[in-house]
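Biologist: I should like to go through the ligand site of this model and hear the grounds for each description. Please set each value against its criterion.

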Amino acid sequence: MGFLDGKKALVTGIASKRSIAYGIAECLHREGAQLAFTYQNEKLKPRVEKFAGTFNSNIVIPLDVSSDEEIKNAFKTLKSEWKHFDILIHSIAFAPSEELQGTYIDSVTREGFNTAHEISSYSFAAMAREARPMLNKNASLITMSYLGAVKSIPNYNVMGPSKASLEANVRFLAADLGPDTIRVNAISAGPIKTLAASGVSGFRGLLKHVESITPLRRNVTIQDVGNTAAFLSSDLSAGITGETIYVDAGYRNLGMTFVTN
Ligand code: NAP
């Protein structure tokens with residue numbers, strides 16, 4: 001018996017076994033949830049189908065969130081499999097790699113700013129709207145943020161404002177959906193080596209820096225994030241909504257980075 005027995009979850013954003021969404025899928029599956037998955041393009045379809053198989057799922061749906069039509073169609077397709085569901089995992093972000101290096105002031109462009117916000121933030125609200133009629137009572141929507149939402153981080157650049165917008169999205173969606181007993185939260189994860197993270201210039205140095213000074217003296221894993229997502233997906237977290245929960249080995253609480261031991 002797991003604490004997600006009987007719950008159904010749509011998981012977006014699996015690109016590889018290192019994806020944060022993969023760690024989340026592992027933990028939701030372990031706790032008994034049934035899973036459905038999305039993939040961004042045909043090239044990724046066979047890979048996501050294989051991952052779905054390992055979680056006893058054959059629901060694999062195309063979804064490129066840059067298209068409103070694809071967002072609508074994805075939920076139509078899901079409806080043909082499940083009339084209602086309980087958990088939505090939004091684990092999607094994108095910014096042009098040229099904008100994830102150098103200074104923010106010099107790298108940010110109108111087009112990159114719009115793209116980063118559209119894919120990484122707006123898509124969560126758009127998916128929540130389409131999902132709403134299909135959500136069961138006590139449903140939980142979860143998205144993935146990063147410290148760059150609230151602090152300036154070298155090279156994270158345009159993703160910072162996008163994550164700030166995403167966290168604001170969480171608060172507004174939580175206010176709208178709360179009366180229907182639907183909860184909306186973000187997890188702000190510490191840095192983890194994934195495909196998306198590799199696009200941020202100097203990422204390896206960031207991992208080393210965090211490991212050397214963060215209170216727990218280690219980087220977090222996709223399972224650390226997955227376990228928190230499982231908790232937030234479950235009725236164990238019934239009183240939590242509109243929050244950004246940090247899973248970062250304590251990094252964001254540091255005021256000073258001088259290491260004494
Ligand atoms: P990842 O494995 O590369 O996952 C990113 C996912 O976003 C990929 O599946 C990617 O699909 C998808 N995506 C990008 N554009 C899309 C679009 N237009 N439509 C649909 N899907 C799209 O990297 P990750 O690190 O796990 O990222 C997942 C989330 O965690 C992101 O929101 C990221 O910002 C956040 N996060 C990551 C870290 C970290 O250090 N890794 C820390 C905090 C928060 P394709 O591969 O097909 O493009």
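Biologist: How do the residues of the lining of the largest pocket divide into nonpolar, polar and charged?

Modeller: In this predicted model, the lining holds 30 nonpolar, twelve polar and four charged residues. The lining comprises 46 residues, and those nearest the pocket centre are Ile92, Ala93, Leu195, Ala196 and Ala197. Helix H7 (195-198) gives the largest share of this lining, three residues.

Biologist: What makes the contact between Ser19 and the ligand a polar contact?

Modeller: An N or O atom in the Ser19 side chain lies 2.5 Å from an oxygen atom of the ligand. The cut-off is 3.5 Å between N or O atoms, so the pair qualifies as a polar contact.

Biologist: Why does the backbone of Ile92 count as being in polar contact with the ligand?

Modeller: A polar backbone atom of Ile92 is 3.4 Å from a ligand oxygen. That value is within 3.5 Å, and therefore the pair counts. For Ala196, a backbone N or O atom is 2.9 Å from an oxygen atom of the ligand, so this pair also meets the criterion of 3.5 Å.

Biologist: How much of the accessible area of the ligand does the protein cover?

Modeller: The protein covers 89% of the 880 Å² that the ligand has on its own.

Biologist: Why is the ligand said to sit in the largest pocket?

Modeller: The ligand is assigned to the largest pocket because more than half of its atoms lie within 2 Å of the grid points of that pocket. The volume of this pocket is about 1200 Å³.

Terms used: Residues are numbered from 1 along each chain as its sequence is written. This is a predicted model: local features need pLDDT of at least 70, side-chain atom pairs count only at pLDDT 80 or more; totals for chains, interfaces and linings use all residues. Side-chain values use heavy atoms; hydrogens and water are left out. A polar contact is a pair of N or O atoms within 3.5 Å; within protein, one must be able to donate a hydrogen and the other to accept it, and residues adjacent in sequence count only if both atoms are side-chain atoms. Accessible areas come from the Shrake-Rupley method with a 1.4 Å probe; for residues, only the protein chains shown count as cover. On a 1 Å grid over the protein atoms alone, a cavity is a set of points where a 1.4 Å probe fits but cannot get out, and a pocket is an open set with protein on both sides within 12 Å along at least five of seven lines; lining residues have an atom within 4 Å of a point. Helices (H or I, at least four residues) and strands (E, at least two) are DSSP runs, numbered from the N terminus. Grid points are joined across faces, edges and corners, and a volume is the space filled by probe spheres set on the points. Ala, Val, Leu, Ile, Met, Phe, Trp, Tyr, Cys and Pro count as nonpolar, Asp, Glu, Lys and Arg as charged, and the others, Gly among them, as polar.
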